[in-house]
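This report looks at a few local features of one protein chain. Keep the sequence and the 3D view at hand while reading.

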Amino acid sequence: MAYENSPIIIDETPGIKNYCTCGESNNKPYCDGSHSSKATGKTPKELIVDEARRFAICDCGKTENSPMCDGTHSKA
Ligand code: FES
């Protein structure tokens, strides 16, 4: 899978977002449907964003707080 070892920092806008959890999207941090076409067994994580703010979205696939980065990528 195409996971990275760091989060994606994004200045998010309000709305309903679907974040990629499989690492295969070509439109990270958002889901582009690749989880299905590549049969990853993963599904996107929906989040309702109430107000504009900066997020660190997990791109290592190991967070315990999906879709947010929880620092797991940097732990040994
Ligand atoms: S493309 Fe990764 S969860 Fe949909």
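How much space lies in the largest cavity? The volume is about 30 Å³. The model is a predicted one, and the values below are computed from it.

**The cavity**

The structure holds one cavity of 30 Å³ or more. Rolling a probe the size of a water molecule over the atoms shows where empty space is left. The residues that line the largest cavity are Ile8, Cys20, Lys28, Pro29, Ile57, Cys58 and Asp59. Sorted by class, five of the lining residues are nonpolar and two are charged, with no polar residue in the lining.

**Two cis peptide bonds**

Pro29 is one of the residues lining the largest cavity, and a cis peptide bond joins Lys28, also in that lining, to Pro29. A cis peptide bond also joins Ser66 and Pro67. The table lists both bonds with their omega angles and the place of each proline.

| Residues joined | Omega | Place of the proline |
|---|---|---|
| Lys28 and Pro29 | about 10° | Pro29: loop between β2 and α1 |
| Ser66 and Pro67 | about 10° | Pro67: segment after β4 (residues 53-57) |

**The aromatic pair**

The loop between β2 and α1, where Pro29 has its place, also holds Tyr30. Which ring does Tyr30 pair with? A search of the whole structure finds one aromatic pair. This pair is made by the rings of Tyr19 and Tyr30, whose centres are 5.7 Å apart. Their planes stand at 20°, and planes under 30 degrees apart count as stacked, so this pair is stacked.

Where in the chain do tyrosine 19 and tyrosine 30 lie? Tyr19 is in strand β2 (residues 15-19), while Tyr30 is in the loop between β2 and α1 (34-37). The two are eleven residues apart, and the pair links distant parts of the chain.

Is each ring's residue buried or exposed? Tyr19 has 0% relative accessibility, and because buried means under 20%, Tyr19 counts as buried. Tyr30 has 22% relative accessibility, so Tyr30 counts as partly exposed.

**A positive phi angle**

One further backbone feature is found at Ala39. The phi angle of Ala39 is near 50°, a positive value in a residue other than glycine. Ala39 lies in the loop between α1 and β3 (45-49). Its relative accessibility is 65%, and because exposed means over 50%, Ala39 counts as exposed.

Conventions: Residues are numbered from 1 along each chain as its sequence is written. This is a predicted model: local features need pLDDT of at least 70, side-chain atom pairs count only at pLDDT 80 or more; totals for chains, interfaces and linings use all residues. Side-chain values use heavy atoms; hydrogens and water are left out. Rings of Phe, Tyr and Trp (its six-membered ring) pair if their centres lie within 6.5 Å; planes under 30 degrees apart count as stacked, over 60 as edge-to-face and the rest as tilted. Helices (H or I, at least four residues) and strands (E, at least two) are DSSP runs, numbered from the N terminus. Buried means under 20% relative accessible area, exposed over 50%, partly exposed in between (1.4 Å probe, protein chains only). On a 1 Å grid over the protein atoms alone, a cavity is a set of points where a 1.4 Å probe fits but cannot get out, and a pocket is an open set with protein on both sides within 12 Å along at least five of seven lines; lining residues have an atom within 4 Å of a point. Grid points are joined across faces, edges and corners, and a volume is the space filled by probe spheres set on the points. Ala, Val, Leu, Ile, Met, Phe, Trp, Tyr, Cys and Pro count as nonpolar, Asp, Glu, Lys and Arg as charged, and the others, Gly among them, as polar.
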